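Colleague: Before the discussion begins, please place the sequence and the coordinates in view.

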Amino acid sequence: MALFARTPLAPLEYSRTLWMRAWVGLVMLFLYAPLIVLMIFSFNDSKRNVVWRGFTTKYYEKALGNDVLVEALVNSLTIAALATIASLILGAVAAVMLWRFRFPLKGAVDGTISLPIIVPEICMGVAFLIFFAKWLEWPTDLIWPFNLGAIIIAHITFCFPFVTMVVRSRLASFNREQEEAAKDLGAGEWGVFRDVLIPHMKPALVAGALLSFTLSLDDFVITYFTSGPDTITFPVKVYSMVRFSVTPEVNAASTLLILLTIVLTAVALKLQGVKAIAETH
Amino acid sequence: MDLNELLAQGRNRRSLLQAMGVAAIGISFGGLAACSKGEGKKLSNGEEAKLNFYNWDTYIGETTLDDFKKSTGVEVTMDLFDSNDTLFAKFKAGNPGYDVIVPSNDFVERMVRADMLQPLDHAQIPNIKNVDPSFINVDYDPGRKFSLPYTWLVLGIGYRKSKVKAKPDSWKVLFDSPEYAGRIAWLSEAGDMFRLYGKYLGKSVNALTPADIETISAMMIKQKPNVKKFHEDDGQDLLLKGDVDVVLEYNGDIAQAMVEDDDIDFIVPKEGSQLNSDTLCIPKGAPHPKNAHAFINYMLDAEVGKKITETILYPTPNLAAKALMPDTYKNNPVIFPPADILAKCEYAKFNEKLQPLYEEAFTKVRAS
Amino acid sequence: MAEQDWKANKRVFAAVSLPTLLWTLLFFVIPMAIVWFYSFGENKGLTEIEFSGTLENYKRATEYLYLSIFGKSFAVAALVTLICLIIGFPVAMAITFASEKWRPWLLLGVMLPFWTNLLIRTYALMMLLGSQGFANKGLETLWGGASWFKTLVGLQPLPTWEPVQLLFNNFAVVFGLVYVHLPFMVLPLYAALDRLDRSLIEASLDLGAGHFRTIMRIVVPLAAPGIVAGVMITLIPALGAYLTPDLMGGTDSQMIANVIERQFKKANDWPFGAALSFILIYAMFILIALQAMRKKVPEVR
């Protein structure tokens, strides 16, 4: 990768030009300013997140000692992780189908697959409520994590179209000659898929995974309508607090989650080696 | 479903939760699974030692559920909902397995009519004697057949003392005057808004007609430029932050805010207002009805009620609990407004014909 | 690049189409079909909805009141999408051209704020923008400084500071929605731009085109599929936003998703809510199906 030689500034090093750095810096400020406020208020000595009333760390102790809060976070992360994996597979496969094949009613199939993005949350929530509770009589007293089943299914349904959209846009730049070449060299369908197509899709898969994870982690309405007893998730907990205002405990938990993510990412990058990670992109 | 039986049998919840949770996300939280249940253990009343409670978050004493477990052995799982509307919507598809729920008065009426609630056996709830007699015979549930009161509230005007010229003792300042233009926040709940306007016009909150809705819509559209925000029941926060100075809110919410800022006060306007009460009910199909009765009885206990009230600071209908509270609570005119004003306040009845009209009219007001 | 006819390779087609089609049918089409039937029904009592084949709900949903809200929501969502595109494109390029060490951090950096709950993030944003908020405090300090400076050079001081209304209006809604939807634009753009043929850009620069012209002429066309995907997954969710307009908007900032939400919740009028939802769905479905058909035409020729 000679392009990224240290000095001098090569023409393609957009990320090292001043205006680009300033722009990214400003966007990051825009993205993180509210987060900094959120973190500051996790130390607020008040029951609510509204006016600064002095410094305390008691909400961190409370958050860590709060079993329900921790359970809610674990539930949310489990749902998000499982829904992301399934959405990635389903979404990528659907994208390959739409990109590669011509088949009857393709327009209708294309439209239907994209629809979960447009259906208003509450409408989809009600649809799942009737579907699971009234039609399937889905049991609500299973052990963890099977009691999250209905929620995960619902999350996959609204996450995978996002993956499909992103992957499809990526596939548009795929050079089919590579596929032909691989086939000429004797690779089978699966081999081509694994060795040629997936590496090409990788940035889109990363983007799709990040989107799915985010969407799933943050969903309240659909989760609420598909949940049974003893399945509190983090958003459900937060929304239920609104009537009496959200306590700094939630800020403390969020701050810990952010720090944990950063630490885990740093560790993962260290372990796998910076190079290996970068090459996958 | 055989799979379910299989899954339901192998419920060593604690270890599974831990193993799967840790494996699934690679994060190990301490005390993650401190919620193993009293498996298979039967109480003397023949029910397993469990209870599923459906409530708002932070709407209970900090140790109430643990204390209940200590005294009865019943493990309470508290799940959370965010509004009466979503509670009702969810129960439209049947009870997903809850034993005790906390709907407000008009939703008690709705749920009774929709056949979602189970009659209460008063013999199993001796602590009913602690409830203020004026809360026993109420329009929305005569004789308390289906519900027992948990808290009650009244709508009024919360305001910042240093920013108003005189006590805003009439709905006029919110509804029909440019005096505090740009510093007013209304509630975004269409029904409440129309009923309170009705109150301002001297009508009962339950006597509005479609013609009244027309008149009131016109008044609202006229006043709208003076209003800054239709808030989602977070008026106390707007007041605390200084974004607005006069706000339509519940007394309990303002009382909580007053603890943090003594420049804030609350008044029930002289025209009268609307009452609201959250209640404890047992939905049809509750898996542990006896535990549910025991739990409701426990919640109405004097000492327990006191602890709950200390946390949530809402007005309590539990006289015995109130008696145990300090004077700063008992004699607080915000939490317990004067009796002559309260006499002019009413509970809103659920009206299924008018509700969609309120909504459509309010959508029009917002769009204009 | 011709698409393959499905009959030419039935086994592969089955492998890639069956999981998606089955999942969509079972967990999307069937649940939504229930709600679709509701849109032709009417409330009977509090919990029962009778399917009566009535078109009354659609008639009501296409009244001027609701159509104007649809129109307004679309305008807001389109504006939000445009702003996201303008802000997001350079960010996506920065990620694409970043060094290997920085790329994962930039990607994470864009996403991380969104792993905290939307509601508390919105509250934090409101804390920044409120009339006593940090943004206003900062501006006030600047204003005071300017005023002090003017008196220092012997001019009249500036009039006293009035807080800027940054919250509870349509500006706040657009601001909040841009905040929420920015990664939905950045990620697809990044996915499309990554590993684009750098020799094209180099050639363009060698031939004397400036950076801006090169980006507009070479990079943007190459990123076109990503831009389309980004616009789709920004515009559509922005159209369905309800929390941001509720919390940050003023008295006239309702969007169609707020109206739909109220039908299902407060009004308890599921049939009407279903009809409103399905008007959105029909519009979207036609849009995508048309797009798919348009793509097909040149290949047929």
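The exchange below takes up chain A, the nonpolar cores, a chain contact and a group of strands in this predicted model.

Colleague: How many helices does chain A have?
Modeller: Read along the sequence, chain A begins α-α-α-β, and α elements follow the strand. Its C-alpha trace spans about 65 × 60 × 30 Å along the principal axes. Besides one strand, the count for chain A is 12 helices.

Colleague: Of the contacts in chain A between residues at least 6 apart in sequence, what percentage joins residues at least 24 apart?
Modeller: Of the 281 residues of chain A, 55% count as buried. Among the contacts between residues at least 6 apart in sequence, the share that joins residues at least 24 apart is 78%.

Colleague: Which helix gives the most residues to the largest nonpolar core?
Modeller: The largest nonpolar core holds 230 residues, and those touching the most other members are Cys123(A), Val126(A), Val166(A), Val100(B) and Leu189(C). The greatest contribution by a helix is 21 residues, from residues 67–100 of chain A, which form helix α3(A).

Colleague: How many residues of α3(A) are buried?
Modeller: Helix α3(A) reaches 49 Å from its first C-alpha to its last, close to the 50 Å expected at 1.5 Å a residue. The helix is mostly covered, and of its 34 residues the number buried is 29.

Colleague: Which residues of chain C are in contact with Val126(A), leaving aside neighbours within four places in sequence?
Modeller: Val126(A) is one of the residues that touch the most other members of the largest core. With those neighbours set aside, Val126(A) is in contact with Phe225(A) in chain A and Ala89(B) in chain B. In chain C, its contacts are Val35(C), Phe264(C) and Trp270(C).

Colleague: On the side of chain C that touches chain A, how many residues are nonpolar?
Modeller: The contact involves 88 residues of chain C and 89 residues of chain A. Helix α1 (residues 10–38) of chain C gives the most to the chain C side, with 16 residues. By class, that side has 12 polar and 10 charged residues, while its nonpolar residues number 66.

Colleague: Which residue of β1(C) stands opposite Phe101(A)?
Modeller: Strand β1 (residues 101–102) of chain A pairs with strand β1 (residues 4–5) of chain C in the parallel sense, over two bridges. Opposite Phe101(A) stands Gln4(C).

Colleague: Why is β2(B) described as largely enclosed by the rest of the structure?
Modeller: On one side of β2(B), Glu75(B), Thr77(B) and Asp79(B) are buried, and on the other Val76(B), Met78(B) and Leu80(B) are buried. Strand β2(B) is therefore largely enclosed, the number of its six residues that are buried being six.

Colleague: What is the handedness of the crossover from β1(B) to β2(B)?
Modeller: Strands β1(B) (residues 50–55) and β2(B) run parallel and are joined by six bridges. Across this pairing, Leu51(B) has Val76(B) as its bridge partner, and Phe53(B) has Met78(B). The chain crosses between the strands through helix α3 (residues 64–72) of chain B, and this β-α-β crossover is right-handed.

Colleague: Which residue of β3(B) stands opposite Tyr54(B)?
Modeller: Both faces of β1(B) are covered, with Lys50(B), Asn52(B) and Tyr54(B) buried on one side. Two bridges join β1(B) to strand β3 (residues 100–101) of chain B, and these strands run parallel. Opposite Tyr54(B) in β3(B) stands Ile101(B).

Conventions: Residues are numbered from 1 along each chain as its sequence is written. Chains are lettered from A and ligands numbered from 1 in the order in which they are written. This is a predicted model: local features need pLDDT of at least 70, side-chain atom pairs count only at pLDDT 80 or more; totals for chains, interfaces and linings use all residues. A nonpolar core is a set of buried Ala, Val, Leu, Ile, Met, Phe, Trp, Tyr and Cys residues joined through C-beta atoms within 7 Å. A residue is buried if 20 or more other C-beta atoms lie within 10 Å of its own, exposed if 12 or fewer, and partly exposed in between; C-beta atoms are placed from the backbone. Helices (H or I, at least four residues) and strands (E, at least two) are DSSP runs, numbered from the N terminus. Two residues are in contact if their C-beta atoms, placed from the backbone, lie within 7 Å. Two strands pair if DSSP finds at least two bridges between them. A crossover is right-handed if, with the strands pointing away from the viewer, the path from the first strand over the helix to the second runs clockwise. The expected span of a helix is 1.5 Å times one less than its number of residues. Ala, Val, Leu, Ile, Met, Phe, Trp, Tyr, Cys and Pro count as nonpolar, Asp, Glu, Lys and Arg as charged, and the others, Gly among them, as polar.
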